[in-house]
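Dear colleague,

Please find below the structure I am handing over to you, followed by an account of what was found in it.

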Amino acid sequence: MGNKAIDKSTSDKISFMTYIVPEFAAAYTMNTQKAYFYLKKYGAWDFLNEHWWALHTDNGLYTLDDLYKVCHENGGLR
C-alpha cells in the first residue's frame, strides 16, 4: 500500500475542526474530549461537518455562538 495524500480541502477541514473544538471547550469550560462528545450529542458536530467551509471564514466567536445555538436547540444546557 502506498501513501495516500489528502487533498487540500480535507486538510483544511481537519485543521479547522481540530481548532474549533478546543475553542468551544475553553469557551464553555469543559475539556476537549467532553466538548467533542457534547457537540456530537446535540447535533453541532454534524452542523460543523456540513457547514465548516462557511464557518471557517467567519469570526471564531460567531462560530462558537452558532455551535452553542445548535446544541441548545437540540437540548444542550450550556
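**Salt bridges within the helices**

K8 and D12 are four residues apart in helix α1, so about one helical turn separates them. Please note that this is a predicted model. The two residues form a salt bridge, in which the closest N and O atoms are 3.0 Å apart. K8 counts as exposed, since its relative accessibility is 60%, whereas D12 counts as partly exposed at 24% relative accessibility.

A search of the whole structure finds two salt bridges. Besides the pair in α1, D65 forms a salt bridge with K69, and here the closest N and O atoms are 3.1 Å apart. D65 and K69 are likewise separated by about one helical turn, because they lie four residues apart in helix α4. Both count as partly exposed: D65 has a relative accessibility of 31%, and K69 has one of 42%. As a general point, side chains of opposite charge can pair when their charged atoms come close.

**Packing of α1 against α4**

How do the two helices that hold these salt bridges pack against each other? Helix α1 spans residues 8-27 and helix α4 residues 60-73; they pack at an angle of about 75°, and their axes are 10 Å apart. Angles of 65 to 115 degrees count as roughly perpendicular, and α1 is therefore roughly perpendicular to α4.

On the α1 side, the residues of this contact are F16, I20, E23, F24 and A27; on the α4 side they are G60, T63, L64, L67 and Y68. Sorted by class, the contact of α1 with α4 has seven nonpolar residues, two polar residues and one charged residue.

**The nonpolar core**

The largest nonpolar core has 20 residues, and those with the most contacts inside it are I20, F24, L39, L48 and L67. At least two residues of this core come from each of α1, α2 (32-41), α3 (44-55) and α4. The most is given by α1, with six residues. In soluble globular proteins, nonpolar side chains tend to be buried together.

L67 deserves a separate entry. Not counting residues up to four places away in sequence, L67 touches I20, F24, L39, A44, F47 and L48. Two of these partners, I20 and F24, also appear on the α1 side of the contact between α1 and α4.

**Two further residues of α4**

Is T63, which is found in helix α4, buried or exposed? T63 counts as buried, because its relative accessibility is 0%. Leaving out residues up to four places away in sequence, T63 touches F16, I20, L55 and D58.

D66 also has its place in helix α4. With a relative accessible area of 26%, D66 is partly exposed. Apart from its neighbours within four places in sequence, D66 is in contact with F47 and L55. Computed along the chain, so to speak, D66 and N3 are 63 residues apart, and in space they are 37 Å apart, C-alpha to C-alpha.

Yours sincerely

Terms used. Residues numbered from 1 in each chain as written. Predicted model: local features only at pLDDT ≥ 70, side-chain atom pairs only at ≥ 80, totals over all residues. Heavy atoms only, no water. Axes fitted to C-alpha atoms, helices over the stretch in contact; angles between N-to-C directions. Parallel < 35°, antiparallel > 145°, perpendicular 65-115°, else oblique. Contact = heavy atoms within 4.5 Å. Nonpolar A, V, L, I, M, F, W, Y, C, P; charged D, E, K, R; others polar. Core = buried A, V, L, I, M, F, W, Y, C linked by side-chain atoms within 4.5 Å. Buried < 20%, exposed > 50% of the residue type's maximum accessible area, 1.4 Å probe, protein only. Salt bridge = Lys/Arg side-chain N within 4 Å of Asp/Glu carboxyl O.
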